[in-house]
Amino acid sequence: METPFYLSYTALWILVILQGLILLGLVRIVYQLQRTGGVAGASVNSTEVGLKTGQIAPTFNAVDLSGEPLSSNDFAGHMTAILFVSFNCPSCVVTLYEMEALNYKTQGNVIVICRGRDGECAQLIDRHKLSARIVADEDEQISRRFGISTFPTAVLINEGYRIQSYGYPHREELEEFLDYAPQAGAKAVASV
């Protein structure tokens, strides 16, 4: 009678160890996604990955969450920062706060492109008290045009609508942009 007990006891411990290994694997994947800023499910056409400094920025037309039309033509002659985030991206939170300060100092020349539905992206406004214009990019059309594969990604565009900086938004680049934008005579883009 002891043999079935030991067999079931051993099988139970093997099952517990197996579940623990699976859990550790999932935790590792989530940690790596948070560390790199990647968001699972982000799709990007491989021919469009990455923009180069000096390249003309892609054009687009959209409607922000307040219902106002937004066009890349609105940026002509203005220094502009575009921040690409995902509504469920934990590493985007710090960047959103930095971009809010940037939006204030550049008199509204910050656009947030949010990967998600209107309601999900509207939660970003409420949760983080954002004043920058926000566009929901549910189908990722704008993100693909800019070659965005990870979140957050910032694209700084100069007055000639050329890429000044592209990539993970580093504080130094944002500060350089802040120092340059007021001297360049940046004009306001309508705020939400």
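Which hand does the disulfide of Cys89 and Cys92 have, and why? The torsion about their S-S bond is about 90°, so this disulfide is right-handed.

Before the close-ups, a word on the model. It is predicted, so local features need pLDDT of at least 70 and side-chain atom pairs count only at pLDDT 80 or more, while totals for chains, interfaces and linings use all residues. Residues are numbered from 1 along each chain as its sequence is written, and side-chain values use heavy atoms, with hydrogens and water left out.

**View 1. Cys89 and Cys92 share a disulfide.** Their sulfurs sit 2.4 Å apart; a disulfide here is a pair of cysteine sulfur atoms within 2.5 Å. Cys89 is buried at 6% relative accessibility, and Cys92 is buried at 1%. (Buried means under 20% relative accessible area, exposed over 50%, and partly exposed in between, with a 1.4 Å probe and protein chains only.)

**View 2. Cys114 and Cys121 form another disulfide.** Here the sulfur atoms are 2.1 Å apart. The value about the S-S bond is -85°, and this link is left-handed. Both cysteines, Cys114 and Cys121, are buried. The whole structure has 2 disulfides, and counting bonded cysteines along the chain gives the pattern 1-2, 3-4.

**View 3. Phe5 and Tyr6 make an aromatic pair.** A search of the whole structure turns up 6 aromatic pairs. In this one, the ring centres are 5.6 Å apart and the planes meet at 65°, so the pair is edge-to-face. (Rings of Phe, Tyr and Trp, using its six-membered ring, pair if their centres lie within 6.5 Å; planes under 30 degrees apart count as stacked, over 60 as edge-to-face and the rest as tilted.) Phe5 is exposed at 51%, whereas Tyr6 is partly exposed at 48%.

**View 4. Phe84 and Phe146 pair up too.** Their centres are 5.3 Å apart and their planes are at 50°, so we call this pair tilted. It links distant parts of the chain, 62 residues apart: Phe84 is in strand β3, and Phe146 is in the loop between α4 and β6. (Helices, H or I with at least four residues, and strands, E with at least two, are DSSP runs numbered from the N terminus.) Phe84 is buried at 0%, and Phe146 is buried at 0%. Both belong to one aromatic cluster with Phe60, Phe75 and Tyr161.

**View 5. Thr153 is in strand β6.** Thr153 is buried, at 5% relative accessibility. Leaving aside neighbours within four places in sequence, its contacts (heavy atoms within 4.5 Å) include Phe84 and Ile148.
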